[in-house]
Amino acid sequence: MTVKAAVNGIVVLSGVCPSEDAEPLQRYLQADPVPTVDWRTCETLHAAVFQVLLVARPHMVGPPGDDFLRRLAGHLPR
Amino acid sequence: MNEFLEQFVIECREQVEQATADLLALEKSPSNIERLDSAFRAFHSLKGGAGIVDFDAMAEAVHGAEDGLSYARKGTIAISTTLIGDCLACLDQVIQWVDEIARRGDLPRDASKQAAAIVARFSRGDGVAAGADPRPQVEQSVGWVTSILAEHPDAAREARCALRYTPSADCFFSQEDPLARIARLPGLLTIDVSPVHPWPQLCDLDPFQCNLVLVALSSASETEIHKALADVLDRCHIEALEETVRRPSSSLSLDARSLLEAQLGLLESTVNDDFAGKVASAGVVVANVFLAQGDSGLAVPIEEATAQSLAEGQTAPLAHAIKAILFEEAAKPGAPLAFGTEHDTAARALRIDARRVDSLVDLTTELTVAKNAIGHVVALAQNGEEGLEQLLKQRFAVLDRLIGELQQGVLALRVLPLRHVFQRFPRLLRDIAAGLDKSVNLVTEGAETEADKAIVEMLFEPLLHVVRNAIDHGIEDKAGRLALGKPAVATLKLRGYREGENVVIEIADDGQGINVERVRQVAIDRGVATAEALAAMSESQVTALIFEPGFSTAQSVTDLSGRGVGMDVVRTIIVRMGGTVGIESRPGAGTAVRFTLPFSVMLTRIMVVSAAGQKFGIPLDAVVETLRVGPDAIARVGAAQAIVLRNQTVPVIDLREALNLHGESDRRRDAILVVANVDGVSSALQVDVIGERFDAMLKPLEGLLSGTPGLAGSTLLGDGSILLILDLTELCR
């Protein structure tokens with residue numbers, strides 16, 4: 001599992017995030033009215049997971065570790 | 001080209017032929033479900049084949065047409081002329097690609113763009129889009145390229161390719177990760193992600209339904225991108241961003257090319273005359289060529305180059321500019337080709353009926369038995385056995401029969417039905433008729449008549465030319481026909497039949513016929529014949545003048561014919577194949593052009609004669625009779641000799657003298673004459689001995705001997721020596 005809710009309420013995406021991560025991420029983000037996601041240690045993100053981020057538009061803590069993800073960062077709020 | 005591709009090319013041509021025939025039949029009777037199914041199957045096979053050999057662009061294009069046909073099968077859309085036209089356009093494209101594959105082993109570089117154009121035909125408005133096509137209509141949003149380029153100006157500078165990928169909604173279930181795919185793209189510069197449909201609320205989002213459109217710019221080439229996206233190409237739209245300036249699509253005409261080349265020659269000539277005048281006039285001519293072609297875009301750089309040349313006092317800038325256009329035009333692939341060009345070269349490979357091959361295999365078995373039987377005779381001869389003559393004679397008879405059969409069998413392999421060339425015409429006629437106010441119904445007869453493969457393959461061009469002429473000049477327009485009380489739809493008949501050893505192909509129209517008076521006038525105007533010569537000619541002889549070089553009755557140069565290639569080309573090709581051309585015209589009722597061609601170009605019956613101890617062959621078809629006459633029968637007429645034969649004076653040509661032979665003669669008292677008929681004139685050849693007769697495959701003379709006057713070719717004699725075949729036309733002249 002690469003999606004984790006930290007104690008401070010921030011959701012952390014780390015390492016390789018496969019499509020299976022999409023559902024738990026959706027649950028975490030739904031539960032928080034002002035969600036925040038930390039993706040600094042994230043290496044790859046499955047499109048299914050990215051879709052959840054695009055819809056939920058959480059506050060993103062970055063930049064992520066991977067070049068390609070940094071290119072995607074523009075689609076998400078800082 | 002590997003064997004696999006060769007097969008693919010053959011199959012493609014066959015499928016395209018099949019599909020074309022089906023589509024044309026379907027256009028005539030849209031309710032013909034069998035034809036529709038057959039066309040659909042042909043498209044389906046084409047797509048499958050293209051998929052196997054990894055020609056994705058081709059698979060994509062054919063897939064588009066297949067979709068269109070599948071809606072027609074379901075009844076979602078009607079079978080319209082537009083649909084048929086689009087499918088035919090797809091087949092045209094496929095054939096162009098197949099030609100390219102046959103030449104270079106690969107699709108042209110811009111294939112994906114051409115494929116997209118084909119696909120677009122099937123996804124535009126008329127019902128196809130309204131059908132159940134779940135695929136994204138990527139072509140609708142042309143603006144996406146512009147917008148991504150505008151949003152990422154830095155990336156745009158390096159970008160060579162823009163692509164738009166719309167994954168299927170359920171792609172996540174098939175292990176597809178669209179983001180990872182784009183991340184792996186070679187030379188990725190930038191990526192934009194947007195939803196296909198507006199995003200729902202987070203609580204309503206199904207995270208496993210993909211709702212993304214990915215647009216990216218890459219610095220990699222179109223081919224590399226194609227490779228990377230190979231398995232999702234049907235969901236991608238790839239746009240190459242190379243040169244911004246696109247050349248106008250119209251190719252230079254032959255005339256334009258020759259004009260350009262002439263100007264180039266003028267510029268490069270070292271004759272030191274008025275430099276400025278030379279450059280200026282060349283510049284003006286070239287610019288005018290482009291203006292006349294409608295390529296005003298090309299005229300501008302030429303004018304600039306002219307100015308530069310004049311300023312620098314050198315011809316180089318203008319010469320370079322002209323060369324650049326000439327060569328680029330030459331190198332440019334894929335432009336729609338005119339009829340009768342390289343595009344029409346027939347398939348080199350040939351499919352052969354398995355039964356024919358089987359019968360050849362059987363023959364070889366029999367030949368082996370015959371060979372063994374001769375081995376037995378050899379053994380007997382070695383043992384000093386007497387009276388083998390009878391046995392040898394028998395064996396020879398067997399071998400003679402078998403080899404005759406073998407020859408027949410091998411020749412039969414080279415035989416093709418005329419259908420192969422006839423079947424291309426319904427399609428061409430459709431195109432031609434679409435461009436003119438003429439409606440033509442094509443009737444083909446005797447398509448199963450067989451002829452030598454070489455002949456069938458070479459027939460297309462002359463046939464096309466005659467057909468084109470018939471439609472363009474022979475057949476009146478609809479109004480004209482109605483006024484004359486003819487049916488509005490003209491009939492063009494393409495007919496093939498065997499006549500003895502010949503194959504006859506007839507192209508007959510029911511148009512206005514040939515205006516003999518006009519032919520006379522034009523013949524005089526263009527110096528094809530003098531007024532005196534014309535006065536002595538019969539009407540049919542005058543009509544036949546249209547086959548003379550330099551003759552063309554076209555009053556205006558149209559798209560269809562009159563490209564400066566006259567009917568003389570038709571005659572040249574037919575004569576080269578060993579045939580003759582005839583024309584018959586009835587004023588107001590139509591014209592019929594007839595090609596008479598030998599059935600086989602290979603076998604010629606030869607008679608061996610000898611003169612001064614040397615043997616020569618004479619083609620037997622020219623020989624009328626052989627005579628033995630007393631020496632008094634030949635009379636001297638001036639420097640020549642002649643003989644009176646059935647009240648006709650026939651010139652006698654002594655072969656020894658004609659060929660300047662000095663060998664020993666075994667001429668007896670009586671003269672031996674071979675009377676030959678060449679071009680309707682009889683001549684008698686005086687020879688020493690008349691020998692055997694046999695069928696031979698004539699080989700044209702090669703190397704030093706090629707072009708030797710009086711010799712038509714060579715073949716081998718039974719003893720292995722070479723027999724030269726005389727060209728009687730040359731000798732009897």
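This passage walks through the contact between two chains, a set of salt bridges and a run of paired strands in a predicted model.

The meeting of the two chains is a good place to begin. Here, 20 residues of chain A are in contact with 26 residues of chain B. About 1900 Å² is buried between chain A and chain B, and carbon and sulfur atoms account for 70% of that area. On the chain A side, the residues that lose the most area to chain B are Gln51(A), Val55(A) and Phe68(A), which together make up 32% of what that side buries. Three helices of chain A give two or more residues each to the side that touches chain B, namely H1 (22-31), H2 (47-56) and H3 (67-72). Of these, H2(A) gives the most, with eight residues. Sorted by class, the chain A side has 12 nonpolar, six polar and two charged residues. The count of salt bridges between chain A and chain B is zero, while eight residue pairs are in polar contact, both partners being at pLDDT 80 or more.

Salt bridges do occur elsewhere in the model, with a count of 28 over all chains. In chain B, Arg13(B) forms a salt bridge with Asp99(B), and their closest N and O atoms are 2.9 Å apart. This pair links distant parts of the chain, as Arg13(B) sits in helix H1 (residues 3-28) of chain B and Asp99(B) in helix H4 (residues 81-104) of chain B, 86 residues apart. Both Arg13(B) and Asp99(B) are buried.

Helix H4 of chain B also holds a pair of its own. Arg103(B) forms a salt bridge with Glu100(B), with the closest N and O atoms 3.2 Å apart. The two residues are three apart in sequence, about one turn of the helix. Glu100(B) is buried because its relative accessible area is 8%, whereas Arg103(B), at 48%, is partly exposed.

A further salt bridge joins Arg181(B) to Asp231(B), the closest N and O atoms being 3.1 Å apart. Arg181(B) belongs to helix H8 (residues 178-183) of chain B and Asp231(B) to the loop between H9 and strand E4 (236-240) of chain B, so the bridge ties together parts that are 50 residues apart in sequence. With a relative accessibility of 9%, Arg181(B) counts as buried; Asp231(B), at 59%, counts as exposed. Helix H9 (residues 222-228) of chain B contains His226(B), which counts as buried because its relative accessibility is 14%. Leaving aside residues up to four places away in sequence, His226(B) touches Ser112(B), Leu233(B) and Ile238(B).

Salt bridges can also be chained together: Glu445(B), Lys493(B), Arg495(B), Glu506(B), Glu584(B) and Arg594(B) are linked in a network of them.

Further along chain B, three strands come into view. Strand E15 (residues 634-637) and strand E16 (residues 640-645) pair in the antiparallel sense over four bridges. Their hairpin has two residues between the strands, and Gly638(B) takes a positive phi near 60° there. E16(B) in turn pairs with strand E17 (residues 648-654) of chain B, again antiparallel, over five bridges. That hairpin also has two residues between its strands, with Arg646(B) in the turn at a positive phi of about 45°. Gln641(B) in E16(B) is a handy landmark: Arg636(B) stands opposite Gln641(B), and Val652(B) is the bridge partner of Gln641(B) in E17(B).

Key
Residues are numbered from 1 along each chain as its sequence is written. Chains are lettered from A and ligands numbered from 1 in the order in which they are written. This is a predicted model: local features need pLDDT of at least 70, side-chain atom pairs count only at pLDDT 80 or more; totals for chains, interfaces and linings use all residues. Side-chain values use heavy atoms; hydrogens and water are left out. Contact means heavy atoms within 4.5 Å. Buried area is the accessible area (1.4 Å probe) that two parts lose on being put together, summed over both. A salt bridge is a side-chain nitrogen of Lys or Arg within 4 Å of a carboxyl oxygen of Asp or Glu. A polar contact is a pair of N or O atoms within 3.5 Å; within protein, one must be able to donate a hydrogen and the other to accept it, and residues adjacent in sequence count only if both atoms are side-chain atoms. Ala, Val, Leu, Ile, Met, Phe, Trp, Tyr, Cys and Pro count as nonpolar, Asp, Glu, Lys and Arg as charged, and the others, Gly among them, as polar. Two strands pair if DSSP finds at least two bridges between them. Buried means under 20% relative accessible area, exposed over 50%, partly exposed in between (1.4 Å probe, protein chains only).
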